[in-house]
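Subject: Structure for you, with notes

Hello,

Here is the structure I promised. Please open it alongside this email, and my notes follow below.

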Amino acid sequence: MIEDIEKYLEEVRQFQTADGEELEKFRIRFAGKKGILNELFARFKQVPKEDKPRYGKLLNELKKAVEDKVRSLREELARASARAGSGEDLTKPGYPYPLGARHPLSITKNRIIDIFKRIGFNVSEGPEIEDDWHNFTALNLPEYHPARDMQDTFFIRRNPDWLLRTHTSSVQIRYMEKHKPPIRTISPGRVYRNEDISTRSHIQFHQIEGLYVDEGVSFADLKHTILFFTKELFGKSKIRFRPSYFPFTEPSAEVDVYWGLKTEHDYRITKGTGWLEIMGAGMVDPNVLENMQIDSQKYTGFAFGLGIERIAMLLFGIPDIRMYYENDLRLLEQFKSVL
Ligand code: FA5
């Protein structure tokens, strides 16, 4: 019986394979439930007493040899299969992963933010559901002020009033509640107005508000900031300010950029004038500063508000504002390579 174990020991030591199935067969033959090891352990009772110590020692040696052999061959097999990889041809071209595209409104918003960030403006945000104070009253638009009709409002609840903000100017107020001058911030966001939908107007659209308050801020600063903006965004360096009215700025202006009259498209979008309106702006009304406990004798400021949809229409030649919200891939896929 001792010779049997010695024979097996020799066999185990000699065993080599690079085949996983063969290794498994080997393991089962020795270490399986009905395998050689169990059988040899069962025979232990029949071993003559004087041989028992040597038999036991050799049997344990055999058991350990089987375990070591199985472990080391398994490791070798794993290493070999890692070396061989998955069997794929690694020189094959990669899969064409589909590329997404940013929405033209996001592209435009990001470009505008980037321009103002470069001249020291930070980005702030406010809620789309607003109260009367932030959307109207604090902006020098007390109740029954006729200028409230300039922006048809979706009211959610009366007394106290909750409404969908009609412009991002409400974020000016929220910002000035928390921060004191010097203030240089732009506030992008979605706004809502109860208007007829047409090629250039929607009931929901996006604006970017700008606010600059410090000592000695003048209309010249406003003009120069807007000029920098139009040069950077459109590459256009001719702008004009037309007198206008906003309750929260005094004086107020509509800003036009000279687009030119080179193509038929230019004629159409500028109605033959070459000029395009791009934003409302003005010097922050002292009443607004005082509402925010900012000393209007010491500080002055300018503010402006522009519509992202209309700017994106100009940048990308999009003819109808409704196209932004239709999710038509034929439009969206055109922006794959646009940053
Ligand atoms: C305002 O909303 C003022 N809060 C802007 C402002 C801010 C003036 C700070 C002075 C100081 P207005 O209603 O003109 O202004 O709107 C600003 C821009 O929003 C417009 O120039 C236009 O580009 C865009 N806009 C207005 N109504 C619509 C609409 N229905 N659909 C799409 N864009 C619109």
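In which strand is P251 found? P251 belongs to strand β8, which spans residues 249–258. Keep in mind throughout that this is a predicted model.

**Backbone points**

I started with P251 for a reason you can check on screen. The peptide bond joining E250 and P251 is cis. Its omega is about -5°.

There is another cis bond to look at. It runs from P181 to P182, with omega near 5°. P182 is placed in a loop, between α7 and β5 (183–192).

Then go to N140. This residue is not a glycine, yet its phi is positive, at about 70°. N140 sits in the loop that links α6 (132–135) and β3 (155–157).

**Domains**

The domain assignment splits the protein into domain 1, residues 2–86, and domain 2, residues 104–335. How far apart are the C-alpha centres of domain 1 and domain 2? The distance is 82 Å.

**The ligand site**

The ligand takes up the space of the largest pocket. Around the ligand are 24 residues. The closest are S169, R193, E195, H202 and E277.

Which elements each supply at least two residues of the shell? They are α7 (169–178), β6 (204–214), β9 (275–284) and β10 (300–307). β10 gives the largest share of the shell, with four residues.

By class, the shell breaks down like this:

- nonpolar: seven residues
- polar: 11 residues
- charged: six residues

Three contacts with the ligand are worth finding on screen:

- H167: a polar side-chain atom lies 3.0 Å from a nitrogen atom of the ligand.
- E277: a polar side-chain atom lies 3.0 Å from an oxygen atom of the ligand. E277 is also among the closest residues named above.
- G307: here the backbone is involved, with an N or O atom 3.4 Å from an oxygen atom of the ligand.

How much of the ligand's accessible area does the protein cover? On its own, the ligand has 670 Å² of accessible area, and the protein covers 93% of that.

**Where to look**

For the ligand, begin at H167, E277 and G307. For the backbone, go to P182, P251 and N140.

Best wishes

Note on methods. Residues are numbered from 1 along each chain as its sequence is written. This is a predicted model: local features need pLDDT of at least 70, side-chain atom pairs count only at pLDDT 80 or more; totals for chains, interfaces and linings use all residues. Side-chain values use heavy atoms; hydrogens and water are left out. Domain bounds come from an automatic or database domain assignment. A residue is near a molecule or strand if one of its heavy atoms lies within 4 Å of it. A polar contact is a pair of N or O atoms within 3.5 Å; within protein, one must be able to donate a hydrogen and the other to accept it, and residues adjacent in sequence count only if both atoms are side-chain atoms. Accessible areas come from the Shrake-Rupley method with a 1.4 Å probe; for residues, only the protein chains shown count as cover. On a 1 Å grid over the protein atoms alone, a cavity is a set of points where a 1.4 Å probe fits but cannot get out, and a pocket is an open set with protein on both sides within 12 Å along at least five of seven lines; lining residues have an atom within 4 Å of a point. A molecule sits in a cavity or pocket if more than half of its atoms lie within 2 Å of its grid points. Ala, Val, Leu, Ile, Met, Phe, Trp, Tyr, Cys and Pro count as nonpolar, Asp, Glu, Lys and Arg as charged, and the others, Gly among them, as polar.
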